Amino acid sequence: MKTISLYVDKKTYLTGLHPFTKLFYVIAAITAPLIAGKLSGFFLMIGISLILLISGGLLRKALPLVVFTFTILLTIFLIQGLFYQNNVTPLLSLGQLVFYREGLLYAARIGLNILNMLFSFALFVLSTDPFIFVEELERAGLPKKAGYIIVSVFQIIPQMAAAKNTITDAQRSRGLETEGRLLTRARAFIPLLSPVVTSALINTRERSAALEIRGFEAKTRKTFLSERSFSRSDRLGFFLMLLLLSVAVLWRNFQ
Amino acid sequence: MTCLTFRNLKYRYPHQEKLALDSLSFTIKKGEFVGLIGANGAGKSTLCGAVMGLVPHFYKGAYGGKILLGGEDEDDAIEVAKTPIAELCRSVGLVFQNPFNQLSGARITVYEEIAFGLQNTGIVREEIRRRIEAVMELLDIVSLRDRNPFDLSGGQMQRVALASVLVMEPEILVLDEPTSQLDPAAGEEVFRAVETLKASGITIIMAEQKMEKLAAYCDRIILLHQGKIVDFDTPDQIFSRDDLSDYGICPPLSYLVAKKGAEKLDIYGWKPHSSRDSQDSRAAQDSRAARDSWFPAEIFAVRNLSFSYVPELPVLTDLCLDLDNRTTAIVGQNGAGKTTLVKLLKGLLSPVSGSIWYRKEDISGKTVAMLARDIGYVFQNPDDQIFKYHVLDEVMFGPLHIGMEEQLAKTRALEALETVGLTGLEEVNPYDLELHERKMVAVASVLAMDTAVLILDEPTIAQDYRGRETLKRLIRQLEGEGKAVLSILHDMDFVYDCFERVIVLAAGKVMGDAGGEVIFHNKELLKQAGLEQPTAVKLRNLRIK
């Protein structure tokens with residue numbers, strides 16, 4: 001079954017790190033340049049994320065995310081470069097359009113911030129099994145029901161997609177034309193909604209009965225199949241990130 | 001020692017007027033294997049749910065009387081209605097009819113899925129591991145350990161569902177028609193596994209439509225009718241009753257033979273459909289001969305057909321097959337490629353290589369909707385097919401979409417509903433019907449389209465004796481009208497009785513293709529394909545020995 005998880009199980013040092021170490025990296029990577037307040041901070045963190053992505057064999061999987069945000073970045077540069085309220089110094093002109101230094105610098109700050117967040121999140125999402133992450137959250141005190149809701153999404157959405165395909169097949173086989181022009185396909189979409197929703201509701205009801213008979217409502221503390229402790233690498237990672245945050249704070253204060 | 005006591009148990013579902021369980025009083029001893037039989041709607045599933053506590057805790061409704069676990073003395077026993085399901089699940093396990101809905105939906109491997117209940121109830125890790133290994137060994141699912149539960153075939157999924165319940169080590173195991181979606185070999189495996197459990201002292205309650213199996217394995221059987229207990233006795237006593245047909249039960253053939261005598265039943269002269277010389281089949285043959293005289297009998301020609309969902313796992317390999325207008329059953333183990341083959345014939349899937357010809361025309365250029373005028377396909381799960389709010393609208397949907405006039409579509413729909421025994425339910429919402437009725441709605445909705453070919457995917461699932469008889473009549477009627485009926489089936493008795501031709505599929509290849517008489521006497525072939533002989537053949541062989 002296809003999953004909606006982006007996790008890539010490459011069995012590298014990145015996938016072996018504790019999910020909380022990588023989550024802390026995301027927090028540190030995003031906050032450190034903001035605390036330091038310099039564009040170079042963003043470049044530094046983007047550089048680190050790229051090195052980690054390359055060393056973990058994940059860069060190819062991360063690039064589509066960059067392409068996805070390219071339109072947003074371009075829009076930011078256009079709007080801020082042209083219309084930023086503090087625009088004073090013209091930098092370049094394309095016909096009637098004049099781009100200002102202040103606006104472009106501001107756009108660069110926003111753009112780099114977005115890219116930094118994107119790469120650090122990509123690192124986390126691509127190298128962390130969501131099921132393990134939720135298990136660790138539950139171990140740390142997340143309620144069992146909240147954990148179930150999160151992980152079931154990864155299974156139930158693909159199931160609903162499969163159910164949608166089956167129902168479409170059932171309708172096609174009774175003469176409903178679903179192939180061809182856009183209007184034909186749009187018309188075929190309406191009779192699809194009711195059975196998809198109804199079957200999802202029926203399945204949900206039966207599944208909740210199934211959960212009940214497997215002790216889901218038990219008051220006892222849940223046990224876990226594996227023990228995941230913080231390794232030396234995890235401790236080193238935490239230490240480096242704390243160091244990074246400290247340097248950012250010092251940089252800010254001594255400027 | 002008494003394990004389970006029912007005291008005047010009454011139950012009514014919310015918004016219903018009729019009692020689903022009515023004044024049930026009986027006891028079950030520890031270690032007994034009790035069968036639960038009755039027509040659809042008799043209350044079997046409700047009774048299963050009541051032992052587990054789903055009735056009344058989960059389904060609510062009006063509840064009276066008591067179920068006591070552990071003894072007749074109330075002081076020592078657990079009263080089901082007063083105990084949370086989370087507590088009851090340590091003593092009672094329930095396996096659903098549909099394994100898909102028994103999966104947690106939150107685990108990505110079979111191993112983790114089986115562990116789910118144990119984790120919830122706080123069992124220590126080492127014990128969880130020990131129990132999982134033992135139960136996977138018992139049910140022969142060790143090889144499925146790292147597979148995603150949702151990627152498994154129906155039979156595999158049912159064994160995982162059973163494992164996920166057994167691993168809780170319940171004292172009472174309740175099984176609600178657990179083999180209805182399994183191939184014969186997998187069904188037999190479940191029965192054997194259950195018998196092994198019985199030997200370990202576990203109490204078993206099993207609702208089932210396969211009377212032969214219950215007769216072979218059960219200590220006692222409860223006969224239910226409209227929520228009431230008609231009888232609770234040994235299989236011999238139950239199946240010797242003269243009035244079983246009044247309760248929608250057909251006794252096992254072996255009991256019929258013992259009771260009426262083999263000669264009287266003509267069991268030894270019993271022939272499969274292909275060689276039977278009844279008036280019905282003569283009429284069907286005459287009709288077919290007349291039709292064949294003006295167009296060729298060949299319906300489908302399958303040439304070098306290969307198909308796979310993922311490149312590394314081929315489902316069908318270089319398959320060549322001609323299908324004519326004889327009634328044809330496709331049999332084989334779960335995962336053999338049966339549903340994939342019929343979906344390809346219907347155009348719902350496209351071949352990776354090879355071609356399919358319908359009446360000498362390549363179907364690759366046609367959409368599924370175009371083929372709908374000629375080829376009708378009833379899906380295995382009726383809920384995939386139903387989407388209107390009235391039964392009549394649902395049944396008219398197909399005819400209207402293939403261009404029938406509204407009046408004609410209505411006439412055809414009413415006729416189809418009458419054929420499947422649903423007259424009077426035209427204005428009912430299909431979702432308010434029971435599964436066996438919804439299945440019949442799905443059959444009627446394709447039948448009303450009056451197609452030349454009718455493909456049925458597991459039509460007997462959830463059907464009791466009466467439902468199966470209705471389907472038999474339908475198949476014979478269509479055969480008489482000269483239509484081609486192609487069906488996927490796991491019920492070998494039904495196949496032997498209704499189909500002229502039997503195609504055995506295994507691992508995406510045709511292992512056998514002949515009449516039932518030939519196929520069901522080829523023991524080597526049956527073994528390879530994980531099939532079993534129909535009861536009539538077994539009985540005849542016994543006499544020969």
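**Notebook: chain B and A:Tyr106**

I began with confidence and noted that chain B averages a pLDDT of 87, with 92% of the residues scoring at least 70; pLDDT is the predictor's confidence in each residue, from 0 to 100. This is a predicted model, in which local features need pLDDT of at least 70 and side-chain atom pairs count only at pLDDT 80 or more, while totals for chains, interfaces and linings use all residues. Residues are numbered from 1 along each chain as its sequence is written, and chains are lettered from A and ligands numbered from 1 in the order in which they are written.

I then looked up the weak stretches of chain B, and found that pLDDT stays under 50 over residues 277–284, for which the model has eight contacts beyond four places in sequence, a contact being two residues whose C-beta atoms, placed from the backbone, lie within 7 Å. Over residues 290–296 of chain B pLDDT also stays under 50, and there the model has two contacts beyond four places in sequence.

For the overall form, I noted that the C-alpha atoms of chain B fill a box of roughly 80 × 55 × 50 Å along the principal axes. Of the 545 residues of chain B, 53% count as buried, which requires 20 or more other C-beta atoms within 10 Å of the residue's own, whereas 12 or fewer make it exposed and the range in between partly exposed, with C-beta atoms placed from the backbone.

Turning to chain A, I recorded that A:Tyr106 is partly exposed because it has 19 C-beta neighbours inside 10 Å. Leaving aside neighbours within four places in sequence, A:Tyr106 is in contact with A:Gln80 and A:Tyr84.
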